[in-house]
Amino acid sequence: MAIKEGGRAVFLDKDGTLIENVPYNVDPTLIRFTTGAVEGLRLLGDRGYRLFVVSNQPGVALGRFSEQALSRVERHISEELGERGVSLEGFYYCPHHPQGALPGYAVRCSCRKPDSGLLTQAAREHGIELTRSWMVGDILDDIEAGRRARLPGSGHCVTKSAGLRGREPILKE
Ligand SMILES: [Mg+2]
Ligand SMILES: [Zn+2]
């Protein structure tokens with residue numbers, strides 16, 4: 001089991017990075033990890049990185065699904081990873097969208113990527129040093145969120161087709 005040295009994290013986008021992207025899906029039975037994701041996360045965990053999901057979920061603001069449905073997704077992912085020896089320390093999401101349909105969620109916020117609110121909140125709540133941490137995502141908004149949070153590793157964009165197979169540069173610090 002990994003020795004937690006404390007402090008450093010890998011922040012993971014969810015859709016198209018950790019799991020295959022099925023738009024607005026909250027059905028746990030349709031959730032599939034991307035190729036190599038679980039193995040990559042195990043390696044990162046073994047090296048002392050603490051793992052957090054940071055995800056835009058505008059489907060909440062748009063009325064496509066509830067936060068309750070999303071917490072079932074969170075539990076499913078966390079359990080599936082746990083059974084495979086990967087411990088997910090936190091699951092942070094932005095439920096907002098400026099053009100949302102639901103009052104209270106239809107706002108311009110600071111947590112929707114490319115803003116860095118999810119990363120800074122996770123860092124604050126878990127004692128993470130952002131300057132020792134990384135962001136992994138499949139689109140440039142993910143990388144921009146990392147850049148705004150001042151992560152040194154935010155330039156490493158892992159493409160959708162590559163899943164987490166692009167992890168090697170991360171491990172060569
Ligand atoms: Mg994505
Ligand atoms: Zn937000």
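In this predicted model, Ala-9 of the protein chain has Arg-50 as its bridge partner in strand β2. That contact belongs to a wider pairing, in which strand β1 (residues 9–12) and β2 run in the parallel sense over four bridges. On the other hand, β2 also pairs in the parallel sense with strand β3 (residues 88–94), here over six bridges, and within this second pairing Asn-56 stands opposite Cys-94 of β3.

The connections around β2 can be followed through two helices. Helix α1 (residues 37–46) joins β1 and β2 in a right-handed β-α-β unit, while the chain crosses from β2 through helix α2 (residues 67–83) to β3 in a β-α-β crossover that is likewise right-handed.

| Strand paired with β2 | Bridges | Sense |
|---|---|---|
| β1 (residues 9–12) | four bridges | parallel |
| β3 (residues 88–94) | six bridges | parallel |

How many of the residues of strand β2 are buried? Seven of the seven, residues 50–56, are buried, so the strand is largely enclosed by the rest of the structure. In a regular strand the side chains alternate between the two faces of the sheet. In β2, Arg-50, Phe-52, Val-54 and Asn-56 point one way, whereas Leu-51, Val-53 and Ser-55 point the other way, and all of them are buried.

Across the protein chain, which has 173 residues, 40% count as buried. The chain contains five helices and four strands, and from the N terminus on its elements follow the order β-α-β-α-β-α-β-α-α. Among contacts with a separation of 6 or more, 65% are between residues 24 or more positions apart.

Conventions: Residues numbered from 1 in each chain as written. Chains lettered and ligands numbered in written order. Predicted model: local features only at pLDDT ≥ 70, side-chain atom pairs only at ≥ 80, totals over all residues. Buried ≥ 20, exposed ≤ 12 C-beta atoms within 10 Å, placed from the backbone. Pairing = 2+ DSSP bridges. Right-handed = clockwise from strand over helix to strand, strands pointing away. Contact = placed C-beta atoms within 7 Å.
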